[in-house]
Every structure is written in structure tokens, then in C-alpha cells.
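Visitor: Could you take me in for a close look at one part of this model, and then show me what else sits around the chain? I'd like the contacts and the exposure spelled out, please.

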Amino acid sequence: MILIVNKYLLGKSFKGVSLWPFVILKNRELKDDFNFINHEKIHLRQQLELLILPFYIWYLTEYLLRLFYYKDRFLAYKNISFEREAYSQEMKENYLQDRKFWAFLQFV
């Protein structure tokens, strides 16, 4: 994981984004936020499991389907299976050591 701090690379509503192998952060303080960094590490693992490019295709496809269903960008984002896994497990210190392969599927 390579951390990059640059507020100009992110939109207003983003604190950070994982683009394997990078995690781009809006501000330096986020480096010390355990839950945030763990959330992004979960995304990096998801990206590796799907061989990176298919992750982004799946992510975008699922977002568009959920946007059509919820008609709300924030609800669509929060209900993407990758996000549901990351948000529900981000506070668990050993989650990535115990995580099963393709664990995000249980959140679809």
C-alpha cells in the first residue's frame, strides 16, 4: 500500500480512494485513522482478488444498477457490495488476516 496525500486528486465528497496499489488521501490526518486505513486496505484486497481491472468494472456496474434502484447517489454507493463489506468490517483489527477469499460476495 502506497499512501499519497493530495486534496486536489479527489472530489469534494471523497476523503480517500484506493487505486491499487495506491491509497489517495485528502489530508495527512487520515493516515492515523485506523478505521479509514483498514477500510481502504479491504478495498485493496478486493481489487487483488478480482485481478484489479474486473474490480473496477464490477464496482461501476453495481453502482449504476443500485443508482437505478435507489435513485440516490449516496444510497447507491453505500449499498455496493464492496463498500458494505469494507464499512461493516473496517473496525476489526484482524479482519484481513481472517477474511475468506471473495468475502464481499456475502454482501451482494
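**A patch, a lysine and a helix**

Guide: Let's start on the outside: Phe101, Trp102, Leu105 and Val108 make a nonpolar surface patch of about 420 Å². Keep in mind that this is a predicted model. Phe101, one of the patch members, is found in the segment after helix H5, which covers 95-98. Phe101 counts as exposed because its relative accessible area is 62%, over the 50% cut-off.

Now for the close-up, which is lysine 26. You'll find Lys26 in the loop between strand E3 (22-25) and helix H1 (34-49). Its relative accessible area is 23%, so Lys26 is classed as partly exposed; the buried class needs a value under 20%. Who does Lys26 touch? Not counting residues up to four places away in sequence, its contacts are Val5, Asn6, Lys7, Leu10, Gly11, Lys12, Phe14 and Lys15. Take Phe14 from that list: Phe14 and Lys26 are 12 residues apart along the chain, and their C-alpha atoms are separated by 7.4 Å. Gly11 and Lys12 are on the list too, and here the polar atoms come in. A polar atom of the Lys26 side chain lies 2.8 Å from the backbone oxygen of Gly11. The Lys26 side chain also reaches the backbone oxygen of Lys12, at 3.3 Å.

For contrast, hop over to glutamine 89, found in helix H4 (residues 81-89). With a relative accessible area of 10%, Gln89 is buried, since that value is under 20%. Leaving aside neighbours within four places in sequence, Gln89 is in contact with Asn38, Ile42, Tyr95 and Phe107. Gln89 has company, too: the buried residues of H4 are Ser81, Phe82, Glu83, Glu85, Ala86 and Gln89. These buried residues pack against H1, helix H2 (53-70), helix H3 (73-78) and H5. A handy thing to hold in mind when you look down a helix: an α-helix has 3.6 residues a turn, so residues three or four places apart point the same way.

One last stop, this time with a record to go on. An unreviewed UniProt entry lists residues 50-69 as "transmembrane region". In the model, the span 50-69 is 85% helix and 0% strand, and its end C-alpha atoms lie 25 Å apart.

Terms used
Residues are numbered from 1 along each chain as its sequence is written. This is a predicted model: local features need pLDDT of at least 70, side-chain atom pairs count only at pLDDT 80 or more; totals for chains, interfaces and linings use all residues. Side-chain values use heavy atoms; hydrogens and water are left out. Patches are made of residues with over 30% relative accessible area and no salt bridge: like charges are joined within 9 Å, nonpolar side chains (Val, Leu, Ile, Met, Phe, Trp, Tyr) within 5 Å. Accessible areas come from the Shrake-Rupley method with a 1.4 Å probe; for residues, only the protein chains shown count as cover. A salt bridge is a side-chain nitrogen of Lys or Arg within 4 Å of a carboxyl oxygen of Asp or Glu. Helices (H or I, at least four residues) and strands (E, at least two) are DSSP runs, numbered from the N terminus. Buried means under 20% relative accessible area, exposed over 50%, partly exposed in between (1.4 Å probe, protein chains only). Contact means heavy atoms within 4.5 Å. A polar contact is a pair of N or O atoms within 3.5 Å; within protein, one must be able to donate a hydrogen and the other to accept it, and residues adjacent in sequence count only if both atoms are side-chain atoms. UniProt positions are given in the numbering used here, feature names are shortened, and annotations may be inferred rather than shown by experiment.
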